[in-house]
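Reader: I have a sequence and a structure to look at. Please take me through them in questions and answers.

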Amino acid sequence: MGIRYVVRVRPKLSLSVTGVVVIAVIMIPISLVLVWYDPLNGAWKWIVAVDLVLTAFSVAALVRQLNVFVAITGDSLIGNGIFSPLVSVKLADIRRVVLARMYSRHSSDSSVQFVALDAEGRCLFRMRGGYWHSKDLDSLACAVGVEVRSHDDPLIAQEFFETYPRSRYWFERAS
């Protein structure tokens, strides 16, 4: 029998589709040109080998991306990222969920950030809104079963990270 989910969401499929298209658009023409201009020197074997390795890495990344999810079980909020392991937070530890808007770096666009906070206001779990559908973030927020606050005025990254300490991902360097 497996884990029963109250709510389970996946990232936007368009992200995976865009990744596959970008890799194909870059890799195929470059490989064809290289093979076309150097057929006699035997370099085509290396080009095909490199293409196969890049394709294998791309397929592995796609499979990983297709396995990314966030869910609520009977007692936990769980989820993983493409480069992160499964994280589990007990629902009993979550006191408030905030749906805050944050400006993208060097842009006037903003996206909703899902932030689950403990009693002291520390971030226990965060989801970057650019990767998830807004309705999915809303349904997760409601399913947690605690107070949900929404902030319509977007924050710049520095304000967001000052307001929600410990919410910065490992790859989001200090600004």
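Author: One term comes before the rest: a residue is called buried when its relative accessible area is under 20%, exposed when that area is over 50%, and partly exposed in between. The model shown is predicted.

Reader: Is serine 167 buried or exposed?

Author: Serine 167 lies in the segment after helix H4 (157–163). The cut-off for buried is under 20%. Because its relative accessibility is 3%, serine 167 counts as buried.

Reader: Which residues is serine 167 in contact with, leaving aside its neighbours within four places in sequence?

Author: The chain brings serine 167 together with residues from elsewhere in the sequence. Its C-alpha atom is separated by 7.7 Å from that of valine 115, and the two residues are 52 apart along the chain. With neighbours within four places left aside, the contacts of serine 167 are Cys123, Arg126, Phe160, Phe161 and Glu172.

Reader: Is leucine 34 buried, partly exposed or exposed?

Author: Leucine 34 is found in helix H1. Partly exposed covers the range between the cut-offs of 20% and 50%. The relative accessible area of leucine 34 is 43%, so leucine 34 is partly exposed.

Reader: Which helix gives the largest share of the nonpolar patch?

Author: The patch has a surface of about 800 Å², and its members include Leu13, Val17, Leu34 and Leu66. Eight residues of the patch come from one helix, residues 13–37. That helix is H1.

Reader: What span should helix H2 have at 1.5 Å a residue?

Author: Helix H2 runs over residues 43–66, which is 24 residues. The expected span is 1.5 Å times one less than the number of residues. The C-alpha atoms at the ends of H2 are 34 Å apart, which agrees with the expected span of 34 Å.

Reader: Where do the buried residues of H2 pack?

Author: The buried residues in H2 are Ile47, Asp51 and Gln65. The element they pack against is H1.

Reader: What radius of gyration does the protein have?

Author: For 175 residues, a compact globule would come near 16 Å. The C-alpha trace spans about 70 × 45 × 25 Å along its principal axes. Against the globule value near 16 Å, the protein has 21 Å.

Reader: How many helices and strands does the protein have?

Author: From the N terminus on, the elements run β-α-α-β-β-β-β-β-β-α-β-α. Counted by type, the secondary structure comes to four helices and eight strands.

Notes: Residues are numbered from 1 along each chain as its sequence is written. This is a predicted model: local features need pLDDT of at least 70, side-chain atom pairs count only at pLDDT 80 or more; totals for chains, interfaces and linings use all residues. Side-chain values use heavy atoms; hydrogens and water are left out. Patches are made of residues with over 30% relative accessible area and no salt bridge: like charges are joined within 9 Å, nonpolar side chains (Val, Leu, Ile, Met, Phe, Trp, Tyr) within 5 Å. Accessible areas come from the Shrake-Rupley method with a 1.4 Å probe; for residues, only the protein chains shown count as cover. A salt bridge is a side-chain nitrogen of Lys or Arg within 4 Å of a carboxyl oxygen of Asp or Glu. Helices (H or I, at least four residues) and strands (E, at least two) are DSSP runs, numbered from the N terminus. Buried means under 20% relative accessible area, exposed over 50%, partly exposed in between (1.4 Å probe, protein chains only). Contact means heavy atoms within 4.5 Å. The radius of gyration is taken over C-alpha atoms; the globule rule is 2.2 Å times the number of residues to the power 0.38.
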